[in-house]
Amino acid sequence: MNFLNEITTRYPDAVSFAPGRPYEGFFDTEQIFTYLRHYVDHLHQQGSTPEQIRTTLFQYGPTSGHIRELIADSLRKDEGIDVPPEAVVVTVGAQEAMLLAVRALITGPDDVLLASSPCYVGITGAARLLDITPVAVEEDEDGVRVDRLATAIDAERARGRRPRAFYVIPDHSNPSGATLSLKARQELLDLAEREDILLLEDSPYRLVSPGERLPTLKALDRNHRVVHIGSLSKTLFPGARVGFAVADQPVTDETGRTTVLADALSKIKSMVTVNTSPISQALVAGMLLTADGRAGALNTATAAYYGDAMRVTLDALEDAFPPQERTALGVRWNEPGGGFFLSLTVPFRTDEAALTQAAEEFGVIWTPMAYFHPQGGGEHALRLSVSYLTHEQIKDGIGRLARFTRARAATNRR
């Protein structure tokens, strides 16, 4: 990823499909003050004194967060996830939630974290910081295969190891763009119950995608098998860096007291970041309060924009690679119904040399899919992110990508 950042900096005029960042056209600086005022007014209406409000905003605050009630309310209204506020930990982005969950669940050398592959680099990075090597479970075009996960669990147990958790993005996955069917979701939950593992469900792209949404794994969870990881960065305010973990699994602590897994995550967080910025929490809380707690209502326009961006990208690919040429070249891509990403297969190795040539000679940047395969793979595929660019930039960038692909393929044939 350092190399990718270096390439982006070195070629600032290139059209970059690399960053999975929200589109900035919906941001308004003045809204920051409006959101903060909404939250302050809310605290006052709840009975807080000016002194208590001052303390809430200026002091460190509780490790688990000030706004757990608002997040729990939002999850009920947007996602049908009904959990008590005590099961929520407010984190510094979803990235910290991943780190806390992995640290809490993988506690010994024989514990195993499994992850769908290709996989978001945040979970593999968090695991490796803790000297944990995730076991990859290869996806197909429809996402993770439950039978492959079962096989991986059996193989790890045969080695004398203990599979503890499986990380997955069921909706519009990063990087592949795949979405699990309702049948696959239920099969995954059944497998988790049967094999006594937890599912780490990452869900950053649901509310920024158009159309009907399938239920989250957590909404379908009847046996406390899902730790739900969420982010308010993609949906509300990237710079606030506010995420959360929903961990309602009953656990028994060292004193014999029964609590929930969220308490264990909070204890770990107290040694990592102490707490999540109260100002950041206030800003996203203010946003939620403007829409009666419904983050989905705040994303109607953004979801439509990203849906259009995906359609513009797919149409541009169709125009740039006519069917006959596409077949001859061996180029193909998937067609996600939402999210920020899609995957493109090409007839050459998508290594750093190819990326450098694409940026330097053709003015287009993409992400090698090999970055997202923790145990190898993806050498002939690349990820395109459609979220950060205007529609005109997308069309221009796809044209550049097509010219690069033809040139690279011709070089390989020599």
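Me: What counts as a cavity here?
Reply: A set of points on a 1 Å grid over the protein atoms alone where a 1.4 Å probe fits but cannot get out; lining residues have an atom within 4 Å of a point. Volume is the space filled by probe spheres set on the points, which are joined across faces, edges and corners. The model is predicted: local features need pLDDT of at least 70, side-chain atom pairs count only at pLDDT 80 or more, and totals for chains, interfaces and linings use all residues. Residues are numbered from 1 along each chain as its sequence is written, and side-chain values use heavy atoms, without hydrogens and water.

Me: How many cavities of 30 Å³ or more?
Reply: Two. The largest holds about 170 Å³, and the second largest about 40 Å³.

Me: Which residues sit nearest the centre of the largest?
Reply: Leu 75, Leu 207, Ser 231, Leu 232 and Phe 244, out of 17 lining residues. Helix H4 (68–79) gives the largest share of that lining, five residues; strand E8 (226–231) supplies at least two. Helices (H or I, at least four residues) and strands (E, at least two) are DSSP runs numbered from the N terminus.

Me: And what lines the second largest?
Reply: Among others, Glu 139, Asp 142, Val 144, Pro 170 and Leu 180.

Me: Sheet next. What's the strand order?
Reply: E2-E9-E8-E7-E6-E3-E4-E5, an open sheet of eight strands with mixed pairing (at least two DSSP bridges per pair). E2 (88–92) and E5 (143–144) are at the edges with a single partner strand each, so one side of each has no neighbour in the sheet.

Me: How do E3 and E4 pair?
Reply: In parallel, over four bridges, E3 being residues 111–117 and E4 residues 135–140. Ser 116 has Val 137 in E4 as its bridge partner.

Technical notes
1 Å grid on protein atoms, 1.4 Å probe; cavity = no way out; pocket = protein on both sides within 12 Å on 5 of 7 lines; lining within 4 Å.
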